[in-house]
Amino acid sequence: MVRKATCNSHGQDSSYFLGWQEYEKNPYDPLTNPLGIIQMGLAENQLSFDLLESWLASHQEAVALKKDGEFMFRELALFQDYHGLPAFKTALAEFMSEMRRNKVEFNPENLVLTAGATSANETLMFCLADPGDAFLLPTPYYPGFDRDIKWRTGVEIVPIHCSSTNGFKITKQAVEEAYRNAKKRNLKVKGVLITNPSNPLGTAMTRDELAILINFITAKNIHLISDEIYSGTVFGSPGFISVKEVIKGRDDLTNKVHIVYSLSKDLGLPGFRVGAIYSENDVVVAAATKMSSFGLISSHTQYLLSVMLSDKDFAKKYIVENKRRLEQRHRLFVSGLETAGISCLNSNAGLFCWVDMRHLLKSNTFGAEMELWKKILLKVGLNISPGASCHCQEPGFFRVCFANMSEGTLNLALQRLKSFVDSDSESNNYNHCRLPSLPKWVLRLSPSDRKSER
Ligand SMILES: Cc1ncc(COP(=O)(O)O)c(C=O)c1O
């Protein structure tokens, strides 16, 4: 086997993915497996499916691939242009503007369609960096980036270490330090990649943070990628500020700033594989369009969604109602955590919370974080994602998802968590239980271990 096929940089064997495997072996079901593991490690949005389903039910013509009574089937079955269906690109561009309260416009000609944000992020790496070059990423970051940014491209990730002392906000010092670290490793820094709103923090970036980043990329003459896949999940104030809004009028930056988007989170359609790159850099758009041949969106999906998203009335109502439901769910989750004596980072977006369980650790180490994670996964029956899998520098934080289940299941998860915390603090009961064993590498995977594996 060749190196690419066998190397470890995909990140498949991180605890983030291992938790999913454990869940698959014993998934919770209220009727058939009430003691099973509840999946809280998956950033899925299932809160507004009924809105999509009722739209589909009342638009049977689009579902049947018809337009004005005529079948579109043959046309769509044969369509194979990697520029994408023009009607879909227009509808998507307008939907992206709507998400940003029409403060900015997106020209459909600058959109490149990709099979999800996964493909969009990797494609941008291929366009902007050579193997061995580096991108700076604020920590904690989405665990999938190890796969998307590094694996096939050979690009290196250099962390911008953010800290709990200021709510994991980006600072000038942290960005400069990451740049120095990259230089010490003789890496050429090609850009910074952020997720705004952040996965896993669930916070939208402030204007100050965006200004720090813009000043930094201007000074260093490098790129900025803003993955705005969660832009439609911002349910609280301060609202979402897209990087596109911040660079308005900055002609010097239009070639350097690129946005990634997808319908996986805002519409809850990860299975449809709909993503996009938005860039005003012509070279990037041309190269990414050619590369998109490796991950196109089916014309069937493009057609259906072009009809759905161009229904402006529906799109507007969906955005508002989806945010309302997310806010309500977030409130329920945070107050349930409080009842269990657990706090989390103050957040205003996303499908998850960044939960602080430092007080439940036996020691302030990543080993203790893994022990706690293992207990919560195998004894309490909740799959959550440990901070180490998001490259957090401080042990004891976990990303916990709240929008991929029913309210009843969330309440059960909160009850399980509360009884765990109560029994743990009273008698340390759970510590005496024999736990099924996990592969050795699970306890090995602290950020410092990873450094030595690089
Ligand atoms: C920040 C971020 N980027 C990209 C992705 C991948 O999304 P997609 O399903 O569109 O490939 C995710 C999925 O969780 C994500 O959280």
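A polar contact is a pair of N or O atoms within 3.5 Å. Keep that cut-off at hand for the exercises below, which all use a predicted model.

**Exercise 1. Place T233 and describe its surroundings**

Task: Find where T233 lies, decide whether T233 is buried or exposed, and list what T233 touches.

Solution:
- Step 1. Start with the chain: T233 sits in the loop that links β8 (223-227) and α11 (243-246).
- Step 2. Turn to accessibility. Buried means under 20% relative accessible area. T233 has 0% relative accessibility, so T233 counts as buried.
- Step 3. Look for a polar partner. The side chain of T233 has a polar atom 2.7 Å from the backbone oxygen of Y230, and the cut-off is 3.5 Å.
- Step 4. Leave out residues up to four places away in sequence, and T233 touches D266, L326, N348, A349, G350 and L351.

**Exercise 2. Explore the ligand's surroundings**

Task: Which of the residues around the ligand come nearest, and which atoms of A117, Y230 and K265 lie by ligand oxygen?

Solution:
- Step 1. There are 13 residues around the ligand, and A117, T118, N199, D227 and S262 come nearest.
- Step 2. For A117, pick the backbone: an N or O atom there lies 2.7 Å from an oxygen atom of the ligand.
- Step 3. For Y230, pick the side chain, where a polar atom is 2.8 Å from an oxygen atom of the ligand. Y230 also offers its backbone oxygen to the side chain of T233, at 2.7 Å.
- Step 4. K265 likewise uses a polar side-chain atom, 2.7 Å from an oxygen atom of the ligand.

**Exercise 3. Trace the strands**

Task: How do β5 and β6 run, and what is the order of the 4 strands in the open sheet?

Solution:
- Step 1. Strands β5 (residues 134-139) and β6 (residues 156-161) run parallel, joined by 6 bridges. One bridge pairs P138 with I160 in β6.
- Step 2. Follow the connection: from β5 the chain passes through helix α8 (residues 145-151) to β6, a right-handed β-α-β crossover.
- Step 3. The open sheet has the order β11-β12-β15-β14, with antiparallel pairing. Its edge strands are β11 (343-344) and β14 (385-386), each paired on one side only.
- Step 4. At the β14 edge, 2 bridges join β14 to β15 (residues 397-401), and P386 has F398 in β15 as its bridge partner.

**Exercise 4. Summarise the annotated domain**

Task: What are the helix and strand contents over residues 38-417?

Solution:
- Step 1. The unreviewed UniProt entry places "domain: Aminotransferase class I/classII large" at residues 38-417.
- Step 2. Over residues 38-417 the chain is 42% helix and 16% strand, with the end C-alpha atoms 11 Å apart.

Technical notes: Residues are numbered from 1 along each chain as its sequence is written. This is a predicted model: local features need pLDDT of at least 70, side-chain atom pairs count only at pLDDT 80 or more; totals for chains, interfaces and linings use all residues. Side-chain values use heavy atoms; hydrogens and water are left out. Buried means under 20% relative accessible area, exposed over 50%, partly exposed in between (1.4 Å probe, protein chains only). A polar contact is a pair of N or O atoms within 3.5 Å; within protein, one must be able to donate a hydrogen and the other to accept it, and residues adjacent in sequence count only if both atoms are side-chain atoms. Contact means heavy atoms within 4.5 Å. UniProt positions are given in the numbering used here, feature names are shortened, and annotations may be inferred rather than shown by experiment. Two strands pair if DSSP finds at least two bridges between them. A crossover is right-handed if, with the strands pointing away from the viewer, the path from the first strand over the helix to the second runs clockwise. A residue is near a molecule or strand if one of its heavy atoms lies within 4 Å of it.
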